[in-house]
Amino acid sequence: MSSAPTTPPTNPHGTVATQGPVLVVGTGLLGTSLALALSASGVAVQLSDTSPTSLALARDMGAGRVRSDGDEAPQLVVVATPPDVAASVVLAQLSAFPEAVVTDVASVKQRVVAEVRAHAGQEVRRYVGSHPMAGRERSGAGAADCDLFVGRPWVIVPDGATPQAELVVRNLAVDVGATPLRMAAAEHDEAVAAVSHVPQLVSSLLAARLEELPESALALAGQGLRDTTRIAASDPRLWSAILVGNAGPVVGLLRALREDLDTLIGGIAPAAVDPASPDYTAAGRAQTIAPGAVGAITDVMGRGNTGQARIPGKHGGAPRRYAEVQVLVPDTAGSLGRLFSDVGAAGVNIEDFAMEHSAGQSAGIAMLSVSPAAAQPLEETLEEGGWRVVRL
């Protein structure tokens with residue numbers, strides 16, 4: 001079962017508990033981001049990767065130094081490789097460094113943990129599975145960010161590990177600004193299938209429908225399409241390894257999704273009438289609409305409303321309700337910065353932010369989420385400052 005973190009996160013660039021050297025094996029997005037965060041806090045970081053190009057880029061970005069034979073043995077090894085090879089790399093690191101705690105950051109835990117437990121013997125006590133719930137649609141060292149983990153959950157799966165080894169990994173999570181959360185491997189995989197893996201597939205499936213869409217249709221795209229397809233730009237090779245590794249929970253959710261789609265299609269299909277048909281009249285059109293069509297649509301959207309409302313807010317727990325202030329922002333250098341400055345001068349905190357653009361337009365709409373009490377005064381202040389406030 002999951003449990004609430006007992007150690008609050010600290011400033012990732014302040015005092016840290018993690019003792020170096022830390023060896024990061026795998027210099028992709030997660031590995032390089034972690035190495036950058038630790039290096040920024042003064043922790044000695046060693047880097048290793050089978051790709052000389054990725055390794056050199058991470059080094060040149062300031063993530064650490066390339067590990068060489070004869071270097072001091074690491075106290076902690078972080079395996080940041082794809083999930084299909086994570087277990088074998090963990091086993092190799094446990095063997096190579098008999099005094100080090102070893103963790104992996106793979107996004108699939110059951111398969112990795114089971115393989116390590118099956119072959120590590122007593123050394124499994126030094127292995128702690130983990131997974132930071134952080135990432136981007138871009139991959140590789142070039143996309144790394146030292147603040148990638150700040151404010152994000154970091155799942156700890158200490159199956160078979162000693163309390164001392166678990167503490168080392170918890171400290172690592174806290175030191176880079178994450179919030180450690182203890183979970184069982186099966187519980188983790190079920191959870192990420194729902195909140196990460198299936199959403200990735202749904203986004204990709206939706207974006208695939210755009211592959212041969214005419215440019216004239218794509219020119220009509222609004223923020224809704226951009227929001228729902230953003231993660232479709234993710235690396236197919238990496239996600240193939242992730243999804244195959246968590247096939248059971250993912251397939252179960254896809255089947256449930258298919259049932260919902262079949263129900264929805266069955267409800268609205270009779271309403272699909274060819275407008276060129278002689279029978280396409282107002283009266284005939286009304287007769288073709290299935291009695292359950294509106295109900296089918298309302299049901300799925302209502303359930304979607306309920307599910308979306310359960311997603312925690314930025315402060316955790318139940319999401320807070322904010323008012324949205326929409327402002328027209330010219331597409332010119334410094335305009336958005338000036339808007340933020342004016343909002344700050346008004347003493348208002350921006351709780352969330354989104355920007356909506358339409359193709360070919362010389363301005364966009366900034367959507368500022370603020371506390372309800374601050375919305376009207378902010379609108380008045382911005383209008384006095386020359387901003388065009390959009391009121392719906």
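Which residues does Glu115 touch, not counting residues up to four places away in sequence? In this predicted model, Glu115 touches Ala87, Ser88 and Leu91 when residues up to four places away in sequence are not counted. Glu115 is found in helix 4, and the briefing below starts from the packing of that helix against helix 3, before turning to a sheet of 4 strands and the helices that pack on it.

**Glu115 and its surroundings**

- Because its relative accessibility is 34%, which lies between the 20% limit for buried and the 50% limit for exposed, Glu115 counts as partly exposed.
- Glu115 and Val90 are 25 residues apart along the chain, and their C-alpha atoms are separated by 9.8 Å.

**Helix 3 against helix 4**

- Helix 3, which covers residues 83-96, packs with helix 4, residues 110-120, at an angle of about 30°, and the axes of the two helices lie 9 Å apart.
- Since angles under 35 degrees count as roughly parallel, that angle makes helix 3 roughly parallel to helix 4.
- The crossing of helix 3 and helix 4 is right-handed.
- On the helix 3 side the contact involves Pro83, Ala86, Ala87, Ser88, Val90, Leu91 and Leu94, and these meet Val112, Glu115, Val116, His119 and Ala120 in helix 4.
- By residue type, the contact of helix 3 with helix 4 divides into 9 nonpolar, 2 polar and 1 charged.

**The sheet**

- An open sheet is formed by 4 strands in the order 10-11-9-12, with antiparallel pairing.
- Strand 10 (352-356) and strand 12 (388-390) stand at the edges, where each has a single partner strand, so one side of each is left without a neighbour in the sheet.
- From one strand to the next, the twist of the sheet averages 30°.
- Strand 10 pairs with strand 11, residues 363-370, in the antiparallel sense over 5 bridges, and Asp352 stands opposite Ser369 in strand 11.

**Helices packed on the sheet**

- Helix 13, made up of residues 335-345, packs on the sheet and touches strand 9 (323-330), strand 10 and strand 11, with its direction making about 140° with that of strand 9.
- Helix 14, made up of residues 372-384, also packs on the sheet, where it touches strand 9, strand 11 and strand 12, and its direction makes about 25° with that of strand 9.

How values were computed
Residues are numbered from 1 along each chain as its sequence is written. This is a predicted model: local features need pLDDT of at least 70, side-chain atom pairs count only at pLDDT 80 or more; totals for chains, interfaces and linings use all residues. Side-chain values use heavy atoms; hydrogens and water are left out. Axes are lines fitted to C-alpha atoms, for helices over the stretch in contact, and angles run from 0 to 180 degrees between N-to-C directions. Angles under 35 degrees count as roughly parallel, over 145 as roughly antiparallel, 65 to 115 as roughly perpendicular and the rest as oblique. A crossing is left-handed if the near helix is turned anticlockwise from the far one by less than a right angle, and right-handed if clockwise. Contact means heavy atoms within 4.5 Å. Ala, Val, Leu, Ile, Met, Phe, Trp, Tyr, Cys and Pro count as nonpolar, Asp, Glu, Lys and Arg as charged, and the others, Gly among them, as polar. Two strands pair if DSSP finds at least two bridges between them. Buried means under 20% relative accessible area, exposed over 50%, partly exposed in between (1.4 Å probe, protein chains only).
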